[in-house]
Amino acid sequence: MRIIQISDTHLSPGKAHFADNWAPLARWIAEQCPALVIHTGDVTVDGAGVEEDMRYSAELMRGLGVRFCAVPGNHDVGDAGHNHQRVSDERLQRWRTHFGPDRWIEDVEDYRLIGFDAMLLGSGEPEEALQADWLDAVMKDANGRRTAWFLHRPLFLDGPDEGDTGYWSVKPEPRSRLLDLVKRRSVALVASGHLHKAHDFRHDGTRYIWAPSSAFLVGPAMKAPPMPGEDRLGAVVYDLEAGTIKAKIIQVPGLSLHWLDDVAEEVYPRDPDKRAVASLGLRNR
Ligand SMILES: [Fe+2]
Ligand SMILES: [Fe+2]
């Protein structure tokens with residue numbers, strides 16, 4: 001069974017800076033004939049602020065003609081502790097309206113695929129505790145299936161014992177709880193997005209895949225801390241058969257190379273007035 005992971009498509013009808021990469025991505029997905037597409041978040045440019053981004057992007061996802069599951073990214077539902085776009089019930093509800101649940105399981109072949117909402121981690125929202133209980137339960141009742149996790153933000157950049165990397169990886173406290181579960185339950189794969197980098201490595205018997213974005217790369221102007229991984233666009237192909245999961249990061253033909261650094265002020269303005277203009281009149285359409 002073939003599954004495709006895509007990530008960080010950053011789609012929007014109002015900000016079409018990366019829109020040219022959707023058609024080649026969709027074409028390539030169709031050629032792969034996957035049974036399922038998994039989107040690991042940042043589907044939208046700014047779904048957390050502009051509902052039209054959600055509606056438009058969900059329509060494009062449905063247009064693939066392949067069943068899909070998605071987990072939200074920070075640009076879709078906001079983030080824990082963010083200064084102007086905090087993850088909230090209202091934003092989560094909006095996600096669910098357009099994309100379905102923000103946590104889900106799919107039992108395929110000998111695997112249980114588990115998607116969950118990394119934006120809740122460390123948020124203190126009531127949903128965070130509910131999700132933690134749910135994750136424990138779906139891991140416990142996997143009935144001997146191996147498990148694979150899909151979430152937006154990676155658990156760590158360089159190593160599991162690193163400190164708080166801020167925006168870039170899961171905070172140390174929720175990270176250590178999740179890594180404990182990874183170890184206790186021998187999670188086979190942890191697949192994430194968010195970093196706009198391609199990386200495939202093993203740690204403690206678990207395979208970690210950072211799915212590249214299909215939209216843009218992040219250059220020095222964004223001041224990311226040093227981290228491994230390659231600056232390339234693409235997607236990931238998984239083939240599940242006879243108790244094994246084969247994974248390969250793919251260079252999708254026809255994707256144009258965009259750098260966020262070149263357009264950051266237009267796409268994600270730091271000025272609150274410009275942000276307000278971007279969402280004006282689009283919020284409830
Ligand atoms: Fe992203
Ligand atoms: Fe992100």
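Mentor: Welcome! Let us begin with a term: buried means under 20% relative accessible area, exposed over 50%, and partly exposed in between, using a 1.4 Å probe and protein chains only. This is a predicted model, where local features need pLDDT of at least 70 and side-chain atom pairs count only at pLDDT 80 or more. Residues are numbered from 1 along each chain.

Trainee: Are His10 and Asp42 buried or exposed?

Mentor: Both His10 and Asp42 are buried, so each falls under the 20% cut-off.

Trainee: What makes Asp8, His10, Asp42 and His196 donor residues of the iron ion (ligand 1)?

Mentor: Donors are N, O and S atoms within 2.8 Å of the metal (3.2 Å for Na, K and Ca), and water is not among the atoms, so sites may look incomplete. Here the four residues coordinate the iron ion (ligand 1) at 2.1 to 2.3 Å. Asp42 also bridges to the iron ion (ligand 2), and the two ions lie 3.6 Å apart.

Trainee: Why is the site of the iron ion (ligand 1) called irregular?

Mentor: Four donors count as tetrahedral if all angles lie between 85 and 135 degrees; four count as square planar and six as octahedral if opposite donors are over 155 degrees apart and all others between 65 and 115; anything else is irregular. The 4 donor atoms show angles of 88 to 173 degrees, and the site is irregular.

Trainee: Which residues of helix 4 are buried?

Mentor: In helix 4 (residues 89-99; helices are DSSP runs of H or I, at least four residues, numbered from the N terminus), Arg91, Leu92, Arg94, Trp95, His98 and Phe99 are buried.

Trainee: How do you know that they line one face of the helix?

Mentor: Seen down the axis, the buried residues fall within an arc of 155 degrees, so they line one face. The face turned away carries the exposed Glu90 and Thr97.

Methods: Chains lettered and ligands numbered in written order. Heavy atoms only, no water. Helix = DSSP H or I, 4+ residues; strand = E, 2+ residues; numbered from the N terminus. Arc of directions from axis to C-beta.
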